[in-house]
Structure formats: structure tokens, C-alpha cells
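Here are a few exercises to work through with the model open beside you. Try each task before reading its solution.

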Amino acid sequence: MNDRILRYGIVGVGLMGREHIRILSLIPNVEVAAFYDPDQTSRTQASELIPTAKAYDDFDKFCKRDDIDALIISSPNHTHAEMLPKLIHNNQHILIEKPLATSIKDAKMISDLLHNYPGVVWTGMEYRYAPPVSYAINEAHLGTIGQIHMLSIREHRHPFLPKIGDWNRFNRNTGGTLVEKCCHFFDLMRFILKSDPVSVFGSGSIGLNHKNESYDSETPDILDNAFVIVDFDSGARAMLDLCMFAEQSTEQTEIQIVGEAGKIECRQPSSTVTIGLREDSWPDWKLGDYRNPSRIKKINVPIQSDIASGHGGATYYEHLGFIEAIMNNQPPQVTADDGLWSVVMGLAAEKSVQEKRVVEIQEVLQ
Ligand SMILES: NC(=O)c1ccc[n+]([C@@H]2O[C@H](COP(=O)([O-])OP(=O)(O)OC[C@H]3O[C@@H](n4cnc5c(N)ncnc54)[C@H](O)[C@@H]3O)[C@@H](O)[C@H]2O)c1
């Protein structure tokens, strides 16, 4: 493998599939050789980006290609489980977009199918790789702020964009907003805390978005705002604050990690990280003197301009990790099991919102 080009096949070349094509074009020794998409407009737009790749409108013919080293599955969420078994006959390496699937049954099926699979299997949890986020995670894992007790993630952003066939307007296609969008944040929680969740409590609603839209006389049923609290096995707790009608926020994503020895804050898109350390021992302070600016450091994390359009650099670094795992025969950094956990947490949160009660992870897993 080391002395030749790594050949990719892509399933689904909508917004995300084309982002993969653009980002792969920046990486040496890889090429997108083929893609499949049932939609003519998506195929045309992808061909404009990569005219040398063969465009398929027939899934079975695409599956017959036997010269593909790595597959990217970037079709809508509800199609992943159905297509995967037919795609993997050549043991190709696989990067499967988040969320792995829209139900626990399908996510488990995928995770079981790919257990002991000979190729690299990587779930597309790329938020781990956004430069300020990976900087903050690295500091947390180095122990800079000691044992972590609390983690909060605030995502205040624009509504969901329109998608091909409007698939993302309905829970049955996405798994629900807390799966579709928030699997990223639940994955970050598990990854940062290095612990598995025990229970989830969520409160959310359809506040503002998509209420005036209609698709074959059906109105979208997806949440657009929620608070979700997750208790972890380690004793730590995490909270998600999601609002999808807050596009005028200064920052879209804010992550606060609080440990015994201090606090790490991470912000996007300003791409800044702040690390504040507590005094080694409780100081002899008088009221108003407890905040010591000399113990707070603000870091601007640079992002190369050519990769910034791929989710703030995250897609580029995700691909470097995937390629490194393939080339060096290493385990993936984001496994199918990680993908399964993030779906489990998202579905538990959706259930909690619907039933207005704490949901134990065990009851969702059964
Ligand atoms: N990692 C991330 O941050 C991130 C960001 C956006 C989307 N995604 C994921 O990527 C996937 C695609 O999302 P998108 O935003 O590109 O949506 P999209 O609607 O823009 O594109 C989806 C494409 O898949 C095609 N398609 C539909 N059914 C198909 C099938 N059975 N086989 C192959 N192609 C099919 C559609 O024609 C369309 O071109 C989803 O799973 C989504 O959750 C991930």
C-alpha cells in the first residue's frame, strides 16, 4: 500500500460527500476513483470537482468495483445500515459518516458486522479534530486541570440546511436532532471524560424552526432546542445546551471542561482556548481577590486557510488520521463502537425529552 495511490469510492456526494472530495484533493497520494449517488444534480456537482472519477447512478455496478481501497459512506443517516453489508465485500477500509444509524438495532448491526473486520473502520466523529477542540482535549488528557468533574458544551447555531430530498426534516430519517447533530457532542463527552454514560435527562422542543414547512403535507418533527444532562460512570457530569435558532451568536460552539486543578474553555469559530489554573492550595484571599489573571492563559489556535472550509479544519485532520491508520496498520481513533455509543446517547436523550423523565442507558441498550 505504501508505494501506491490510495483509491477512494464515495457513497453519497451531497454536501458532505463533496466536502470529502475537496479535502482529499489537498492530500497527496490519494485519489477519488468513483462515487455513487442516485441524484443527478449531486453527481454533476461532484464531477465538476473531480472529473476523473467515475460517476455511478447504479448501486450494484458501483459495488462491483474491485479496485477501491477505501470507502466513504456519506449518504443520508437512514441509508447507512441498508447499504453497508453490500458494500464491504472486498474488505475495503471504511469511513462511515455520523450518525452510524438511526436506531439502536441498526447501529448494533453495523457495529457487530464490522467487529473483527480486517480493514480500518472509522466513524466520522470529526468534531474531535477541529484544531481548537483537539488542543483543548489534549490539554485535558495531559491532566493540565486534574480530574474532570464537569463538562458543558453549548452549540448555538443556524437551523438545519436544506438537504437533497429533505431527508433531514424528519426523525425517521435522522434519528432525531439529538442523534443527527448531537451525536458529535455526546461523542466529545465520552472521549473527553474517558468514561461511559449511565443516565440521561433531556428537555427540548420544536421552538421556532421549520414550522411553516410542508413536505407531502407533512410538517417537520425535529427538535430545534434542548438541554441534556448526562451522568457518567466516573462520577463526572456533562451538559449539552443546543439552540438551532441562534445564528447571531458570537461563538457557535463553546466547550467548558472543569477539573480539580482548573478549567479549559474552547470556542469556535474564534478558534481560541483559555486555560485557567487554580492556586495549588486555597490561597489566603480576601473577597474579590480570588481570580488571578496571571493564572489564565488565552491561546489562539491557528487553522490553515485551505482546510478551514472543511468544518474548520476538522475534516482534513480526520482524513489524515484515517490514512495514517490504513498505512500503518493501526487501529482507528474513532471506532464503530464509539459511533454506536453516540447513537445510544442521542436516542436516550430523544426518549428522555419525549417521556419527560431520566432515561437509564441500560434500558436503551436492551
Ligand atoms: N461529519 C459531519 O460533521 C457531517 C456534516 C454533515 C453531514 N454529515 C453526514 O453526512 C451524511 C450526508 O449528509 P449531507 O449533509 O451530505 O446530506 P445531503 O442531502 O447534502 O447529501 C446526501 C446525498 O446522498 C444521496 N443519497 C440519497 N440516498 C442515497 C443512497 N441510498 N445511496 C447513496 N447516496 C444517496 C443524495 O442524493 C445526496 O446527494 C449524513 O449521514 C450526515 O449526517 C456529517
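**Exercise 1.** In this predicted model, find the bridge partner of glutamate 155 in strand 10, then work out how strand 7 pairs with strand 10.

*Solution.* Start at glutamate 155: its bridge partner in strand 10 is leucine 242. Next, go to isoleucine 153, which is bridged to leucine 240 in strand 10. Finally, take the two strands as a whole: strand 7 and strand 10 (residues 237-243) run parallel, with 7 bridges between them.

**Exercise 2.** Which residue of strand 11 is the bridge partner of isoleucine 153, and in which sense do strand 7 and strand 11 pair?

*Solution.* Come back to isoleucine 153 and look toward strand 11, where isoleucine 255 is its bridge partner. Then follow the strands along: strand 7 (residues 148-156) and strand 11 (residues 253-259) are antiparallel and share 7 bridges.

**Exercise 3.** Place these strands in their sheet and say which strands stand at its edges.

*Solution.* Write down the strand order first: 14-13-12-11-7-10-9-8-15, an open sheet of 9 strands with mixed pairing. Now read off the ends. Strand 14 (296-300) and strand 15 (359-360) each have a single partner strand, so each has one side without a neighbour in the sheet.

**Exercise 4.** Describe how domain 1 and domain 2 meet, beginning with their bounds.

*Solution.* Step one is to mark the domains. The domain assignment gives domain 1 as 6-126 + 315-334 and domain 2 as 128-309 + 343-365. Their contact draws 28 residues from domain 1 and 26 residues from domain 2. Between the C-alpha centres of the two domains lie 26 Å.

Step two is the area. About 2300 Å² is buried between domain 1 and domain 2, with carbon and sulfur atoms giving 62% of it. On the domain 1 side, Ile104, Met125 and Tyr317 lose the most area to domain 2, together 25% of what that side buries.

Step three is the polar part. The two domains have 11 residue pairs in polar contact, and 1 salt bridge is found across their interface. For a salt bridge to inspect by eye, try glutamate 180 with lysine 98, whose closest N and O atoms are 3.5 Å apart.

Step four is to see which elements of domain 1 take part. Helix 1 (15-24), helix 5 (104-113), strand 6 (121-124) and helix 10 (314-327) each give two or more residues to the side touching domain 2. Helix 1 gives the most, with 4 residues. Sorted by class, that side of domain 1 has 14 nonpolar, 7 polar and 7 charged residues.

How values were computed: Residues numbered from 1 in each chain as written. Predicted model: local features only at pLDDT ≥ 70, side-chain atom pairs only at ≥ 80, totals over all residues. Heavy atoms only, no water. Domains from an automatic or database assignment. Contact = heavy atoms within 4.5 Å. Buried area = accessible area lost by both parts, 1.4 Å probe. Salt bridge = Lys/Arg side-chain N within 4 Å of Asp/Glu carboxyl O. Polar contact = N/O pair within 3.5 Å; in protein donor to acceptor, adjacent residues only side chain to side chain. Nonpolar A, V, L, I, M, F, W, Y, C, P; charged D, E, K, R; others polar. Pairing = 2+ DSSP bridges.
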